[in-house]
Each structure stands twice: as C-alpha cells, then as structure tokens.
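Biologist: Could you take one part of this structure and go through it closely? Short sentences, please, and residue by residue.

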Amino acid sequence: MRRVAKEVGATPMALYHHVRDKDELLMLTLAGMAATVPRPELPEDPRDRIIATVVHLHAVLSEMIWVVDVLSRGDLTDKGALWMAEEIVDSAVRCGLTPREAVHAYRTIWYLVYGALVLRRAEARRAADPGRKPFFPSLLTPDDAGELPRLASLSDRWEEVTAGYDVAAQLEAVVDGLLARRVTPG
C-alpha cells in the first residue's frame, strides 16, 4: 500500500478512502491490467485452441511478472481473465474429456504455468544479486554419483543442457499427455 500510495502521490491511509483493503486494490489492479490485454485469434481445433490459450496466458503473465505475487494469495483473479480458463476447460471437453477431467487438466496446466512463472521470478531475484553463489548444480560432487547418477553426470553441463528450454513446446507436450488420458466409452 505504501508503494502504491507513493506512486499516486498520497498516503497509505488516504487510499483506504477509495478501497476497502489491499485485496480490493489488487483486484482493481488485476482488472485494469486484464482489460488492456487483447485476446488472440484462436484456432478452431480444440487441442490447438488449448495450446494457443495456454501459450498466450504464459506470455502475458511473463510480461507482468509482478502478478505472480498477487496470484500467490490463492483466490485473487479478475473475471476479465477467466475467458482463458473457460477456453481451456471447454476445449478439453470438446476433445473428449469429462468435465471433471477437463477441470483437472486445466488445474494441471495452470500449476505448470504458475510454477514456470514463480521460477522466472526467482531467477530475476537471483540475477539482481550477482554476488550470490548458486547452490544447484554446484552442490553436486562426484561423491553423489552413487545416489544421483544422472544429475551428477549432468551437473557440469547443466547450463548447456537447460539452454533453449522452450516453454511452449513443453506446454504442448503436457496438453497432449492430458488429452490422451480421456475416458474411452464402454
């Protein structure tokens, strides 16, 4: 509240004449941001529609990484952004998932997107502290090869192996896996 008050040239207490509490202020901020983001053209094919929506969701939130902190409160969202959840659930049902499976698929996708954003936020914080020594993968030593053979063998090449990670391609793989689990009649 102090930061917002400073931005608008007011005191934190003065803000409470306009909003009930911090959550209301965050909801208004989310609504304002959601209103500025145009909806993309989506393909007709329901599988492709899910992927396009998820990639759009990830891209939008990547540009507004501060939203990760707001969303971490658990139940704050904006009605104007729920069209993406609707598209994913509806398209999953059109792909043959039951409504329950479609909601579970949506939640799995959301957890993946949110997790990727949380990690991106953490990377940004680490980058802001250049003196900070990373623990992984440098904490692995040849002595760990017995218990963690694959990770130990990759630890000195971790940056090389993880370079070029394509979130969109991985999201597509997850969507394909979720859709493959649909209930088959009979």
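Modeller: V103 is found in helix α7. This is a predicted model, and the values below are computed from it. V103 has a relative accessible area of 37%, so it is partly exposed. Buried would need a value under 20%, and exposed one over 50%. Follow the chain back to A92, which is 11 residues away. The C-alpha atoms of V103 and A92 are 8.4 Å apart.

A92 leads us to I50. Leaving aside neighbours within four places in sequence, I50 is in contact with A92. It also touches I88, S91, I109, V175 and L179. I50 belongs to the largest nonpolar core, a set of 28 residues. Which residues have the most contacts inside that core? They are I50, V54, L61, I109 and V113. Several helices supply this core. Two or more residues come from each of α4, α5 (67-71), α6 (83-94), α7 (99-127) and α10 (167-180).

Now look at T53. T53 sits in helix α4, which runs over residues 46-63. Is T53 buried or exposed? Its relative accessibility is 0%, so T53 counts as buried. Where does its side chain reach? It comes to 2.8 Å from the backbone oxygen of R49. Now set aside neighbours within four places in sequence: T53 is then in contact with L42, W83, M84, E87 and I88. I88 is a link here, as I50 also contacts it.

Next come the charged residues of helix α4. Side chains of opposite charge can pair when their charged atoms come close. R47 forms a salt bridge with D176, with the closest N and O atoms 2.7 Å apart. R47 lies in helix α4 and D176 in helix α10, so this pair ties together parts that are 129 residues apart in sequence. R47 also meets D48 in a salt bridge, at 2.7 Å from N to O. How open are these side chains? R47 has 22% relative accessibility, so it counts as partly exposed. D48, with 32%, is partly exposed. D176 is partly exposed too, at 33%. Add E172, and you have a network: R47, D48, E172 and D176 are linked by salt bridges.

How many salt bridges are there by this rule? The count is five. One of them joins D90 and R94, at 3.3 Å from N to O. Both residues lie in helix α6, four residues apart, which is about one turn of the helix. D90 has a relative accessible area of 33%, so it is partly exposed. R94 is partly exposed as well, at 43% relative accessibility.

Finish at the surface. F135, F136, L139, L148 and L151 form a nonpolar patch there. Together they have about 460 Å² of accessible area. L151 is one of them, and its place is in helix α8, residues 149-154. Its relative accessible area is 33%, so L151 is partly exposed. A patch residue needs over 30%, so L151 meets that cut-off.

Methods: Residues are numbered from 1 along each chain as its sequence is written. This is a predicted model: local features need pLDDT of at least 70, side-chain atom pairs count only at pLDDT 80 or more; totals for chains, interfaces and linings use all residues. Side-chain values use heavy atoms; hydrogens and water are left out. Buried means under 20% relative accessible area, exposed over 50%, partly exposed in between (1.4 Å probe, protein chains only). A polar contact is a pair of N or O atoms within 3.5 Å; within protein, one must be able to donate a hydrogen and the other to accept it, and residues adjacent in sequence count only if both atoms are side-chain atoms. Contact means heavy atoms within 4.5 Å. A nonpolar core is a set of buried Ala, Val, Leu, Ile, Met, Phe, Trp, Tyr and Cys residues joined through side-chain atoms within 4.5 Å. Patches are made of residues with over 30% relative accessible area and no salt bridge: like charges are joined within 9 Å, nonpolar side chains (Val, Leu, Ile, Met, Phe, Trp, Tyr) within 5 Å. Accessible areas come from the Shrake-Rupley method with a 1.4 Å probe; for residues, only the protein chains shown count as cover. A salt bridge is a side-chain nitrogen of Lys or Arg within 4 Å of a carboxyl oxygen of Asp or Glu.
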